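This report describes the surroundings of the bound ligand and then the empty spaces within the protein. Please consult the sequence and the structure shown here while reading.

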Amino acid sequence: MGVQSLETPEGIEYFTSQHHHRSYGSMHGDGRSYGSMHGDGRSYGSMHGDGDGEVDETEAYHLKQPIHVETSGMHVFETGDDDFSIQTTESEKAPNSTCPLNIHMGGNVRSLLCRFTAAACILLYSIFVALGKYELHIHPLLGAGSICTLLCTTNNIKRKRSRLGSTFISRISKAFCCKSQQQHTATGPFENTSSNMNMLSCSKRGDPNMNRINILLVLLPCLVYGMRSVGGHMADNGFEFNQSLHKHVANDFGKLSAFAMSAFLVPVARHSILLECLGLDPRYGLRVHIFSGCIAVVTGLGHGIYWFFIWMLVQKKEFWEIIPSGDCWTKTRHDHEDCSAQFVNLLGILCGVCFIGLSVTSLWWIRRNYYRFFYVSHIVFSILLCYGLAMHYNKMILYLAPSLVYYLASCVPALVQAFRSWSEGGALITKVVHIPDSRDCVELSIQMDEHHKLEESLCGKYVRVCVPEISKVWHPFTVYSDQDDPHNLKLTFRCTGPFTQDLSDRLSLTKSSGVQNPKFLVDGFYGAEDRLSNALDHETIVIVAGGVGIVSYISLLNKLRSTTRSSINSETTFQTNRIILHWTCRDEGLIRYVKENYLDFKDEDFRNFPLSLYIHHTHAINNESTLCAIDKEDNMNYDNEWKGQEIVPRGKPFVPYQLSSGHRKIAQNLPAAILFSLLTWGNLWIILYFYKNVQTKKAVLSRIYVLISMSLYSIILSGLGLLILQWASQHSYSSVSTADNCGDSSTCTKNKDDASTKDISVSTEGSSDDFSFDLENQPISYQIKHSQGRPEFNEDSFDLPDTCVFVCGPASLLKSVRECCKSDNCAIYEEIFEM
Ligand SMILES: Cc1cc2nc3c(=O)[nH]c(=O)nc-3n(C[C@H](O)[C@H](O)[C@H](O)COP(=O)(O)OP(=O)(O)OC[C@H]3O[C@@H](n4cnc5c(N)ncnc54)[C@H](O)[C@@H]3O)c2cc1C
């Protein structure tokens, strides 16, 4: 268990050289600290926070005397010219680098290839949109989808970027006027390809700049197309506004709307392979969907209003003529030319209503307060809109093909898998803990299928959960695992609304009541961005969590812990040299539970980059029962409750999405790639077949057959494919050796634990005499401090050299951190619990 420093508000101070920021923890008593909580509460994690906020780096932090820190096998020393270096003693080098540090060049190249394929194909798609090539724009997206499904790999956590790769990235970044990564990252051998992503976003590291992506990939192509086609029609008509020009321009608006929708389902499709390859979290994909949707609604309504104007003012028709006359509804007449024109108008109105319905029900306020209403109306309006649009215009299916084909190929298999899980009783919940004194937080353990033991890193991952008995809506929850228990996936939720409350109540029925758990469907994993790579790309990692948001960082901390432990015995150096975690929480019970079960690190766990953990308890507490009293003995009282209640198990172990790629070996991706390709290219074939052979320009009804056929084809093929995949995975997994799965946290645990645990020794000869602590007895790698009240962040808080801030919590916390993380040194990565 980590040693706590309880009674003092003094901070932990890290000594650093004047020019280099590699630093090692030791205790300092003058209150000038960084990475610390000051007594006056003015500065947290601030490098220059000496109370008056002034920078006094030279005086306070420049080391006049050499400092020598020796860890097992690693010496860190200051050289005469203010330079630090790390050496590994030969004798203690690991014979083979331990699991997490295995460099898998194949994975690296594949990862790079995937990113470039995805980015290049999306760019090509945008160019086709700008040129109005509605018959071609689907090909790059489907091509990229197939290639990426085959090549995608997630086993590239600490990748060694090849020279070729880094030069390429740097050149392209410059071409996009972006700050090259190399300009502000140190030259450690391990850099991650998350920076590749920034080619697209062109922002400093941190979450991608979605505004730029939206402008570049959505707005610009639509604008170019709009201007080209409206300008072309005006030029054709000699800039004379006659009826023909009005009709053309009105239709241009409609086509613009169709183009805006042509790929807007791609970023919100479940398990979207393109998002995964680009390292984009679905939460960011959603922003592209919303942005494209807004353009589609505005231009679609523009199309409708323009036609209304033509009808009423140019053609002088009666409004009621929009509704097809009586005999058009008979079977023999519905494809008559006059009748189909009338149906087109009626369908246009239906689509207009759907557009308005979708926009109004998607408003932020409705989403936040009436999520179920938003969810149901979104599905109903979307399906109506889809059929309405397909019937409205013969070629519409070609415009919408990328969205429809990709969405069906990504979502139908996931839904079919969920249906199969439902028929088998859902995912097997092995433990339910109603955490005492936590304001209704419940932790669930879900057993993983033995063939799918947490193979991938769970840092920043979440699953979607559906409990049909309570609600048909899928709810997202962050997942993590106990490092000693790779067989169980964990999630913790707080009862905030009807779903979580009903679920908690339903799960509290114990074995004695004889009631089984409800069927619990899980779909995962989501959250493509690899948070560990993001973190290791920075010198200082600051994690800010609010309440139950801490669960987002349990896996990350475990991974950082295993990384630091294994790096002790390797030749590796990391950018990272310290981790600071601020956890603000009201609930004493939650603090106890999480701290005891997941933050119970050992002193040697964070040697290479020390962890300072600040727990800010925001609930008023009396002096006797301060959090300082949270210790092992106290926790004994909770042991029984923490064991979880007795439940009647139901269902089968959880199998993650079977069509997910990202395996270490390409051969393992092959089934998913084949199924994805069959679904996408097969559906494209269906579209073209129906367009050429079944649909006519006049018969409106004939245009819906294609949608029905696509849906049926997707369901049948997905069902068959998943059956085959399940059979194949059961056979193939048994032959994959455990050693092969080094990305797997579980299999690596053994190696990590073998890491040397020699005591750290600190030589502080001649250093300043204001140490108020006995260094011999103070752990310097892992510190916990408790304090009362909220932390107040300011700009200095995150103005440390090359800092990344991971933040998850309530909107107010996100806002305050966002406002303070503005300097060029600071990159922010947010885990947003709202979509
Ligand atoms: C990526 C992600 C990870 C999350 N992880 C956790 C976690 O680990 N622990 C935790 O307690 N909470 C987590 N949440 C929040 C959690 O999903 C919601 O609090 C929960 O669904 C609310 O359910 P409810 O009982 O209030 O029911 P509802 O009344 O159904 O929902 C209330 C509100 O929850 C949000 N919500 C519900 N369903 C969805 C959905 N499908 N997508 C987006 N937002 C939705 C909406 O804001 C909605 O207004 C996470 C959210 C996201 C987006």
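In this predicted model, 24 residues surround the ligand, and R368, W474, H475, P476 and T500 come nearest. By class, the shell around the ligand holds 13 nonpolar, six polar and five charged residues.

Several secondary-structure elements contribute to this shell. Helix 12 (364-369), strand 9 (471-478), strand 11 (485-494) and helix 15 (498-507) each provide at least two of its residues. Strand 9 gives the most, with five residues. At the level of domains, at least three residues of the shell come from each of domain 1 (117-130 + 206-409) and domain 2 (426-620).

Polar contacts to nitrogen atoms of the ligand include the following.

| Residue | Part of the residue | Distance to a nitrogen atom of the ligand |
|---|---|---|
| W474 | polar backbone atom | 2.5 Å |
| Y371 | N or O atom in the side chain | 3.0 Å |
| T478 | polar side-chain atom | 3.1 Å |

On its own, the ligand has 870 Å² of accessible area, and the protein covers 91% of this area.

The next topic is the enclosed space. The model contains twelve cavities of 30 Å³ or more. About 340 Å³ of space lies in the largest cavity. Its lining comprises 23 residues, and those nearest the centre of the cavity are I122, L217, A263, P267 and V288. Two or more lining residues come from each of helix 2 (105-131), helix 7 (210-236), helix 8 (243-261), helix 9 (273-278) and helix 10 (282-314). Helix 7 supplies the largest share, five residues. The lining of the largest cavity consists of 21 nonpolar and two polar residues, with no charged residues.

Which residues lie closest to the centre of the second largest pocket? This pocket has a volume of about 1500 Å³. It is lined by 45 residues, and N251, W307, V344, N345 and H392 are the closest to its centre. Helix 8, helix 10, helix 11 (337-361) and helix 13 (371-392) each give two or more residues to the lining of the pocket. The largest share, 14 residues, comes from helix 11.

In the lining of the second largest pocket, 18 residues are nonpolar, 16 are polar and eleven are charged. Domain 1 (117-130 + 206-409) and domain 3 (666-733) each contribute at least three residues to this lining. Domain 1 also contributes at least three residues to the shell around the ligand, as does domain 2. Helix 8 and helix 10 each give two or more residues to the lining of the largest cavity, and these two helices likewise each give two or more to the lining of the second largest pocket.

Conventions: Residues numbered from 1 in each chain as written. Predicted model: local features only at pLDDT ≥ 70, side-chain atom pairs only at ≥ 80, totals over all residues. Heavy atoms only, no water. Near = heavy atom within 4 Å. Polar contact = N/O pair within 3.5 Å; in protein donor to acceptor, adjacent residues only side chain to side chain. Areas by Shrake-Rupley, 256 points an atom, 1.4 Å probe, with all protein chains shown as cover. Helix = DSSP H or I, 4+ residues; strand = E, 2+ residues; numbered from the N terminus. Nonpolar A, V, L, I, M, F, W, Y, C, P; charged D, E, K, R; others polar. Domains from an automatic or database assignment. 1 Å grid on protein atoms, 1.4 Å probe; cavity = no way out; pocket = protein on both sides within 12 Å on 5 of 7 lines; lining within 4 Å. Points joined across faces, edges and corners; volume = space filled by probe spheres on them.
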